[in-house]
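Here are some notes to keep beside you while you turn the model around for the first time. They begin with a sheet and work outwards from there.

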Amino acid sequence: MKPTNSPAGARESILSKIRTSLGASENDDARTAAAEQRITAKPRAAAPLRVAETGTDLLARFKDELQRQLATVAEVATATEIPAAIAGYLHANNQPLRLRHGADAYLSSLDFSSVEGFETARGAAAPDDSAGLSAAFAGIAETGTMALASGPDNPVTLGYLPDTHIIIVPKTRIVATFEDAFELLRERPSANPMPRTLNLITGPSRTADIGGRIVIGAHGPRRLLAILAGDL
Amino acid sequence: MQPTSHDFKSNARTALADRQLQEALSGIPGGLVAQRRAARDRLPEFDDLRDYGRDLRNHALQHLDIYLERYEQAVTEAGGHVHWASTGGDACAAILRICQGAGAQLVTKGKSMVSEEIGLNANLEKAGLEVVETDLGEYILQIRHETPSHIIAPAIHLTQGQVEADFRREHSQLPKDRRLIDPAELVDEARQILREKFLNADVGITGANFLIAETGSSIIVTNEGNGDLTQSLAKVHIVITSVDKVVPTFNDAAALLRLLARSATGQEITSYTTFSTGPRRAGDPDGPEQYHVILLDNGRSELLGTEFREVLRCIRCGACMNHCPVYNAVGGHAYGWVYPGPIGAVLNPGMIGIKEAGNLPNASTFCGRCESVCPMHIPLPKLMRHWREREFLEGETPFVTRLALKSWATLARQPWAYHALSRLMSRAMKFASGRHGAFTWMPFASGWTGGRNFPAPQGKTFQELWAAREKQAARTGRTQ
């Protein structure tokens, strides 16, 4: 398929109408430079005071904001504690000891055989999966948001099809703002820094579409567990 | 969608008499107002951020052609396709072509007001496709054959009882005696039914809250997660959006995201904010194989060159309608076309013409609440006034209104006549009102006197009272 298969001339017609409305001409170097300059400089709005003030405890802020969004937050010192922490959470919520995760190295290193009867699988989510496990590349303190990049390491469907979503957040990658998280994304070792999907997740799925009352578990996960890992 | 905006007055009358609608409207918009205020209080720099957002949207619009080309280039580099559409018909045709090219039978859809604008569902259904709305509110409306009455809470006009009745009628394969008392039970039922649709869909269509020129990404902001299931399970992801949505960078999107959810629902941020860039990559285990973006114009490029340019800054949060006394009284359907409330009163005439929608800018008291809460500082009352001027100039204002305005203008330009007449009227009305001091009925004012008494002037005009007061103050030497 060709890049543009719009009705003949739609593209040119729309762009030229826009230029006419703006009183601009097609090859105005000054305008192009102004736009390019903004794309290169990527100016930021002032960071919210709640994370910008010196001495802000970003980790505490992250946890607090995420809990306000009705997620469960746990902390572990090392990877060895994670299988038991997850098992305890699934058990407390009457969920089977089953989960699926992607090819992420840290997740793959977790030893779920340390918990008896824990079944794990790899790859994209299947319709009957009960829990998905993902790794965030950053936690954003200003709103308690987790940033996930899709790909073989973290299939995107794991965060939406299963009833339970569990996200491992590296403690060393709790940043203040959205912009800080985007900066981490730009540093990823890849030809194209943008994954197919960047998910910013802040709490479980919810809706208020029936009578304005909030119900948790609309189409996506009914519950969300964030595990802050000290060794990641 | 066939507009009924020209019938605003009778639509509003019907809405005011509709008990179920009034019950549904009684709490929800007010709740959103309180939640917005609480969110704003938690972010002391909220108003500074509004200024920043306004300026960045102005910059984006000022360089719109450049950012759109840049955006298109980035989408193409990421393996996606951009389709430009001047009209709703062109946009529908492009989407249908993509669906047919993919041999699609079942199409799932996330929430998109632009898709309402172009009448997408009817168009695809006519071609034999099954189209399923997956946002819970939109799903409810689809089975009721209704349109959204609010841009972020589409089913805000319905009560829980109405939804229960719809589900019992529509999901007749389920046991008749099942419990559907709690909203959670209704949500669960829809969840089960829509799961199957997500898993079997060939094409997933979403809207976009923003487009990013820097990376060619489209953003959706949701709470339910339906948009993510829609776009990651189908083979083809189509984004239907409009040319005004592009912002330069990720960081610019971040600034707007801080304003969007807080202004809309009072949330700090929604549960899910998702950035999509192209189709699935080599080695990706999931995600769509094709990614298409439809860029709709539908009159926006022309609005850009008029006194209405500022309305294009809109980020569709819905705060203006939540805070509007008229919207709160009549709901969204009375506005008669896709965009209700103050934003609709400014946008709709630009899209469907003054003849059809000229009534909407008149449906305002100009109380100014919409402008005071708009995160993009859109001067909605001023823009409504511009539409009133155009309506007058184009001769669409009704004869009686024109005559009244003309007489008043003539009178107001001759102060002696104005004063004399108002003195006369004031005294006559005092006399006519007798000892009640009020009228229970007045010619040309039955709309007022139908519900309450009209207090009669007490014999003196404002100017007379003011003059007397000045005199008194001069005598006693007090200015109070």
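1. Start with the sheet that both chains share. This is a predicted model, and in it eight strands make an open sheet in the order S8(A)-S5(A)-S6(A)-S9(A)-S9(B)-S6(B)-S5(B)-S8(B), with mixed pairing. Which strands stand at the edges? They are strand S8 (174–175) of chain A and strand S8 (246–247) of chain B; each has a single partner strand, so one side of each has no neighbour in the sheet.

2. Now look at where the chains meet within that sheet. Strand S9 of chain A (residues 197–201) and strand S9 of chain B (residues 272–276) run antiparallel and are joined by five bridges. If you want a residue pair to click on, Leu200(A) is opposite Thr273(B) in S9(B). As background, strands of a sheet pair through backbone hydrogen bonds, either parallel or antiparallel.

3. Stay with S9(A) and look at its partner within chain A. Strand S6 (residues 145–149) of chain A is antiparallel to S9(A), and four bridges hold the pair. Here Leu148(A) sits opposite Asn199(A).

4. Two helices are worth finding around this sheet. Helix H7 of chain A (residues 178–186) lies across strand S5 (138–140), S6, S8 and S9 of chain A, and runs at about 165° to S5(A). Helix H12 of chain B (residues 226–233) also packs on the sheet, where it touches S9 of chain A as well as strand S6 (217–222) and S9 of chain B. The direction of H12(B) makes about 25° with that of S9(B).

5. How many residues does each chain bring to the contact? Chain B gives 87 residues and chain A gives 70. On chain B, the side touching chain A is made up of 40 nonpolar, 31 polar and 16 charged residues.

6. Chain A has another sheet to look at. Six strands, in the order S1-S12-S7-S4-S2-S3, form an open sheet with parallel pairing. Strand S1 (72–76) and strand S3 (119–122) of chain A are at its edges with a single partner strand each, so one side of each is left without a neighbour in the sheet. From one strand to the next the twist averages 25°.

7. Some details of that sheet: strand S4 (residues 131–135) and strand S7 (residues 164–170) of chain A pair in the parallel sense over five bridges, and Ala135(A) has Ile168(A) as its bridge partner in S7(A). Helix H5 of chain A (residues 82–92) lies across S1, S4, S7 and strand S12 (223–229) of chain A, at about 155° to S1(A).

8. Chain B has parallel pairs to check too. Strand S2 (residues 106–109) of chain B pairs with strand S3 (residues 130–133) of chain B over four bridges, and with strand S4 (residues 203–206) of chain B over three. Lys109(B) is a handy residue to pick here: its bridge partner in S3(B) is Glu133(B), and in S4(B) it is Ile205(B).

9. Next, step back to chain B as a whole. Chain B holds 24 helices and 12 strands, and its C-alpha atoms fill a box of roughly 90 × 60 × 45 Å along the principal axes. Of its 480 residues, 51% are buried. Among the contacts in chain B with a separation of 6 or more, 74% are between residues 24 or more positions apart. The domain assignment gives domain 1 (43–302) and domain 2 (412–476), whose centres are 55 Å apart, taken over C-alpha atoms.

10. Which residues touch the most other members of the largest nonpolar core? In this core of 179 residues they are Ala136(A), Ala147(A), Ala226(A), Ile95(B), Ile294(B) and Val346(B). Helix H13 of chain B (residues 250–264) supplies the largest share, 10 residues. Beyond its neighbours within four places in sequence, Ala226(A) is in contact with Leu66(A), Ala71(A), Val73(A), Met146(A), Ile167(A) and Val169(A).

11. Finally, pick out His386(B) in helix H20 of chain B (residues 380–393). Is His386(B) buried or partly exposed? His386(B) counts as partly exposed because it has 17 C-beta neighbours inside 10 Å, while a buried residue needs 20 or more. Not counting residues up to four places away in sequence, His386(B) touches Glu307(B) and Phe308(B). Pro361(B) is 25 residues from His386(B) along the chain, and their C-alpha atoms are separated by 8.8 Å.

Notes:
Residues numbered from 1 in each chain as written. Chains lettered and ligands numbered in written order. Predicted model: local features only at pLDDT ≥ 70, side-chain atom pairs only at ≥ 80, totals over all residues. Contact = placed C-beta atoms within 7 Å. Nonpolar A, V, L, I, M, F, W, Y, C, P; charged D, E, K, R; others polar. Pairing = 2+ DSSP bridges. Axes fitted to C-alpha atoms, helices over the stretch in contact; angles between N-to-C directions. Domains from an automatic or database assignment. Buried ≥ 20, exposed ≤ 12 C-beta atoms within 10 Å, placed from the backbone. Core = buried A, V, L, I, M, F, W, Y, C linked by C-beta atoms within 7 Å.
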